[in-house]
Amino acid sequence: MSTKNTCCRICGNKDLYKFLELGPQPPANAFLTPPNSSHRLYPDFFALQFKNEKYYPLDVYFCPSCGLVQLTDIVNPDTLFRDYAYYTGKSSETMKRHFKELAKKLTEEFDLCSDDLIIDIGSNDGTFLKNFKCRRIGVDPAENIAKQANLNGVKTFPCFFTADSAWKILNKVGKAKVITATNVFAHVNNLYDFMAGVRCLLEDDGVFVIEVPHFMELYKNKEFDTIYHEHLSYFLVGPLVELFSKFRLKITKVEKIPVHGGSIRIYVKDQGHAGHFGPTIVEEAKQVLYTKDTYQTFADKVRSIKEDLVTLLTKLKAQGNRIVGYGAPAKGNTLLNYCKIGPDILDYLTDTTPYKQGKYSPGMHIPVVSPDVFHKDPPDYALMLPWNYQTEILKKEREFLKNGGQFIIPIPELEVIGIW
Ligand code: TMP
Ligand code: ZN
């Protein structure tokens, strides 16, 4: 089930400009489960599951009034997030290190002592919160993941964060000195309701810290694959200033961080605080990110990435090479579905997340296997779908490269990496 927004999520402008169509596509994390023994009684079960797969438009809009890039087709959040495939603790060493460093930085900068409370929204399996010594509370709607977090010793409320759930949390744990929301703000359709919740839970002198992929980087590096139904907004600093001002909040600092293809960490406090963030916004304006023409050029570039990648893979396959997909991140599914790269090209996708192994990728129906399969019988080429972890993966897979294997990196530039 999906609904359609008719106006901009931040400023309410009705005149949104559609510049890119990547779909229809199924939700990027909706991996399909193969039949178990009881399903064998119904041989058509799996075919039926494929047939019943739900596709939704993946159209991208720009708001010429406030500058927010956004999706307007909203897939029911229960469908997307209640049973979730992404476990932070299983995803990458890079992100684990990132969260450890962030916890250290916040503890020092805001002088968090044992009585202080930090609330993390979209806390996943507790990988981030585990690093704090103070009181810590997670909020995450994915029941499978909140359960894992509680087992990991991180108290987690299994719910969506809304003004309503914030009141309930307030009654149970009181106000927080720090509220964090990393890689979750873009998932929220009703940002006003979400921010009302943040306002009610934040101490007067507290800080709200968000990390979001920066649209400027998405634009510069043509990271179109990071567009999927879970990501409803693609942020610049400009539109966020407008949003926070409605809650008497202001941005006091913006830091650029390298994760997820280039993100920004934004510190938000009550309007009474000092602080400035000028340079980022000036840079965004210089990139002409607030005009319609920019978006047409972007869409043309995306189409040519598709053409170049499909041409390369088809040629390699015709030459008799064995090709697989390395990693099965959500963004990989956007790329595969948009380019229509299926099991005729890629024998399988590997992934380190046990939840994804043994399943089939949404849309293209490529089997997902453990990295052991890749190591035991290495292919000629591996299409690196989580290209954002290129350094980590190249280091880890030196053996594959030494034995003549080659990685195909699709983004930001199509590149083949091997040792000759
Ligand atoms: P992310 O880009 O959203 O963090 O997702 C990364 C996905 O890629 C996650 O499913 C784990 C997978 N992955 C591997 O399978 N092997 C790896 O070496 C890395 C770094 C990630
Ligand atoms: Zn707008």
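This report describes one buried residue, several aromatic pairs and two charges over rings in a predicted model.

## The surroundings of I251

I251 lies in strand β12, which covers residues 249–257. With a relative accessible area of 3%, I251 is buried, because buried means under 20% relative accessible area. Leaving aside the neighbours within four places in sequence, I251 is in contact with V237, L240, V241, F244, I266, Y267, V268 and F277. R82, by comparison, is 169 residues from I251 in sequence and 31 Å from I251 in space, C-alpha to C-alpha.

## Aromatic pairs

The count of aromatic pairs comes to 25. One of them is formed by F185 and F194, which meet edge-to-face, with 5.4 Å from centre to centre and 75 degrees between the planes. Both partners are buried, F185 having a relative accessible area of 0% and F194 a relative accessibility of 2%.

The pair of F374 and F400 is tilted, with 4.8 Å from centre to centre and 50 degrees between the planes. This pair links distant parts of the chain, since F374 belongs to helix α13 (residues 371–376) and F400 to helix α15 (residues 398–402), and the two are 26 residues apart. F374 counts as buried at 1% relative accessibility, and F400 is buried with a relative accessible area of 5%.

Ring pairs also link F19, F62, F215, Y219, Y295 and F298 into a cluster.

## Charges over rings

Y267, one of the residues in contact with I251, has the charged end of K253 over its ring, 4.4 Å from the ring centre. Elsewhere, the charged end of K359 sits over the ring of Y355, 3.6 Å from its centre.

Technical notes: Residues are numbered from 1 along each chain as its sequence is written. Chains are lettered from A and ligands numbered from 1 in the order in which they are written. This is a predicted model: local features need pLDDT of at least 70, side-chain atom pairs count only at pLDDT 80 or more; totals for chains, interfaces and linings use all residues. Side-chain values use heavy atoms; hydrogens and water are left out. Helices (H or I, at least four residues) and strands (E, at least two) are DSSP runs, numbered from the N terminus. Buried means under 20% relative accessible area, exposed over 50%, partly exposed in between (1.4 Å probe, protein chains only). Contact means heavy atoms within 4.5 Å. Rings of Phe, Tyr and Trp (its six-membered ring) pair if their centres lie within 6.5 Å; planes under 30 degrees apart count as stacked, over 60 as edge-to-face and the rest as tilted. A charge sits over a ring if NZ of Lys or CZ of Arg is within 6 Å of the ring centre and within 35 degrees of the ring normal.
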